[in-house]
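User: Please take a close look at one part of this model, the charged and polar residues around a buried salt bridge in a helix, and set that part against the rest of the chain. I would like one connected account that keeps to what can be computed from the coordinates.

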Amino acid sequence: MKVTVVSRSGREVIKGGIDLSDSATVADLQEAIHKRTKKFYPSRQRLTLPVPSGSKERPTVLAAKKSLKEYTDGNSDSLTIVFKDLGPQVSYRTLFFFEYLGPLILYPVFYYFNVYEFLGYKGSERVIHPVQTYAMYYWCFHYFKRIMETFFVHRFSHATSPLSNVFRNCAYYWTFGCYIAYYVNHPLYTPVGDLQMKIGFAFGALCQVSNFYCHILLSNLRSPDGSGGYQIPRGFLFNIVTCANYATEIYQWLGFNVATQTVAGYLFLVVAASIMTNWALAKHRRLKKLFDGKDGRPKYPRRWIILPPFL
Ligand SMILES: NC(=O)c1ccc[n+]([C@@H]2O[C@H](COP(=O)([O-])OP(=O)(O)OC[C@H]3O[C@@H](n4cnc5c(N)ncnc54)[C@H](OP(=O)(O)O)[C@@H]3O)[C@@H](O)[C@H]2O)c1
């Protein structure tokens with residue numbers, strides 16, 4: 001089979017095309033493109049079928065495991081494929097590790113070192129309140145848990161993410177981490193009452209444990225190599241809410257904020273909740289579409305999307 005590889009503008013990417021056996025898969029084609037170009041390793045490549053000019057249809061993305069023959073239109077001797085360079089890639093584990101490492105290291109810097117003196121604050125000696133100590137442990141436990149989950153719990157379906165996401169996500173997590181740590185550990189910080197602090201941390205800790213359990217339930221939906229696609233999550237809070245992991249994540253930040261009460265912390269809560277709400281809407285839509293109750297497929301049950309009893 002002769003495969004012609006073109007860019008989205010129609011320019012030939014591999015001069016003269018690529019000859020492959022009739023039984024070749026998309027993964028074989030990706031390997032062949034890598035061999036010829038040296039630069040574009042398989043996870044950097046997005047291969048699609050051409051769409052007629054002027055068409056508003058989304059192009060079909062080729063699945064690595066499928067045979068190329070499945071994409072031929074009756075004529076199995078030749079195939080034209082559109083190639084897009086996705087740019088340098090990193091594994092999802094690398095991406096998550098770096099975005100969580102920043103807050104894990106930077107927050108304690110504000111707690112243990114008197115950075116405020118360097119930042120121009122000339123006050124009397126700093127007194128550390130119990131809530132600031134608990135907040136530091138709570139925060140570090142949260143990000144340590146996320147790193148552990150990244151390596152030992154999550155079963156990702158996508159192998160890689162663009163390298164540029166590392167910079168974008170690190171900017172988000174590292175900046176918010178410093179912003180919150182700065183105010184919670186500030187020498188002029190005024191602690192909330194003892195009862196409020198205990199309620200906030202206890203509720204938050206309960207949500208963190210629940211969040212961990214939600215991640216275990218999600219990971220049990222797939223085999224260890226990440227295959228298995230998307231399934232209907234069931235059990236525990238998933239019986240009432242599609243994104244129980246995001247719900248518990250949001251509520252645990254609420255617990256942290258009830259205990260520490262800073263504008264910075266609440267701002268992070270609002271931003272994180274709106275990001276997760278967008279993702280949850282998409283995930284809920286996808287599950288409803290995949291499990292539509294037609295042709296023997298199960299019907300997705302009625303559930304809240306992310307934040308019962310609101311949404
Ligand atoms: N504070 C914040 O700003 C913030 C923002 C986002 C996330 N988080 C936290 O980080 C955690 C991980 O985030 P995430 O966005 O990666 O979570 P996620 O996409 O909901 O799920 C975590 C893992 O479960 C898999 N999964 C999800 N739904 C599935 C289904 N129906 N069937 C099979 N597998 C499924 C995902 O697979 P795929 O690889 O296919 O996605 C992923 O590997 C969140 O749960 C949350 O605690 C925090």
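Analyst: What follows starts with the chain as a whole, moves to the requested site, and then turns to other places for comparison.

The model is a predicted one, and every value below should be read with that in mind. The protein chain holds eight helices and six strands, which follow one another along the sequence in the pattern β-β-α-β-β-β-α-α-α-β-α-α-α-α. Its radius of gyration is 25 Å, whereas a compact globule of 311 residues would have one near 19 Å, and the C-alpha trace spans about 80 × 50 × 35 Å along its principal axes. Of the 311 residues, 42% are buried, and the accessible surface comes to about 17300 Å², with 62% of that area belonging to carbon and sulfur atoms. Where contacts join residues at least 6 apart in sequence, 73% of them join residues at least 24 apart.

The requested part is centred on helix H4, which covers residues 130-152 and contains both Lys-145 and Glu-149. These two residues are four places apart, about one turn of the helix, and they form a salt bridge in which the closest N and O atoms are 3.1 Å apart. As a general matter, side chains of opposite charge can pair when their charged atoms come close. Both partners are covered by the surrounding protein: Glu-149 has a relative accessible area of 2% and therefore counts as buried, and Lys-145, at 6% relative accessibility, counts as buried because the limit for that class is 20%.

A third residue joins this pair from another helix, since His-215 lies in helix H6, residues 194-219. The side chain of His-215 makes a polar contact with the side chain of Glu-149 at 3.1 Å, so that Glu-149 takes part both in this contact and in the salt bridge with Lys-145. His-215 is itself buried, with a relative accessible area of 9%. Setting aside residues up to four places away in sequence, His-215 touches Lys-145, Glu-149, Val-153, His-154 and Asn-245, and the list thus includes both members of the salt bridge.

Elsewhere in H4, the picture at Phe-141 is that of a partly exposed residue, with 46% relative accessibility. The C-alpha atom of Phe-141 is separated by 8.5 Å from that of Leu-104, although the two residues are 37 apart along the chain.

The structure holds six salt bridges, and another group of them offers a contrast with the buried pair. Asp-292 forms a salt bridge with Arg-297, where the closest N and O atoms are 3.0 Å apart, and Arg-297 forms one with Asp-295 at a closest N and O separation of 3.7 Å. Asp-292, Asp-295 and Arg-297 are in this way linked in a network of salt bridges. None of the three is classed as buried: Asp-292 is partly exposed at 23%, Arg-297 is partly exposed at 36%, and Asp-295 is exposed at 73%.

A buried polar side chain is also found away from these charged groups, at Gln-45 in strand E3. Gln-45 has a relative accessible area of 5% and so counts as buried, and its side chain reaches two backbone oxygens, that of Gln-30 at 3.0 Å and that of Phe-40 at 2.8 Å. Beyond its neighbours within four places in sequence, Gln-45 is in contact with Gln-30, Ile-33, His-34, Phe-40, Phe-83, Lys-84 and Leu-86.

The strand that holds Gln-45 is part of a paired arrangement. Strand E3, residues 45-48, runs antiparallel to E4 and is joined to E4 by four bridges, with Val-82 in E4 as the bridge partner of Thr-48. Strand E4, residues 78-85, also pairs with strand E1, residues 2-6, in the parallel sense over five bridges, and here Ile-81 in E4 is the bridge partner of Val-5. E4 therefore pairs with E1 in the parallel sense and with E3 in the antiparallel sense, given that two strands count as paired when at least two bridges are found between them.

To return to the requested site, Lys-145 and Glu-149 form their salt bridge within H4, and His-215 of H6 adds a side-chain polar contact to Glu-149.

Conventions:
Residues are numbered from 1 along each chain as its sequence is written. This is a predicted model: local features need pLDDT of at least 70, side-chain atom pairs count only at pLDDT 80 or more; totals for chains, interfaces and linings use all residues. Side-chain values use heavy atoms; hydrogens and water are left out. Buried means under 20% relative accessible area, exposed over 50%, partly exposed in between (1.4 Å probe, protein chains only). A polar contact is a pair of N or O atoms within 3.5 Å; within protein, one must be able to donate a hydrogen and the other to accept it, and residues adjacent in sequence count only if both atoms are side-chain atoms. Contact means heavy atoms within 4.5 Å. A salt bridge is a side-chain nitrogen of Lys or Arg within 4 Å of a carboxyl oxygen of Asp or Glu. The radius of gyration is taken over C-alpha atoms; the globule rule is 2.2 Å times the number of residues to the power 0.38. Accessible areas come from the Shrake-Rupley method with a 1.4 Å probe; for residues, only the protein chains shown count as cover.
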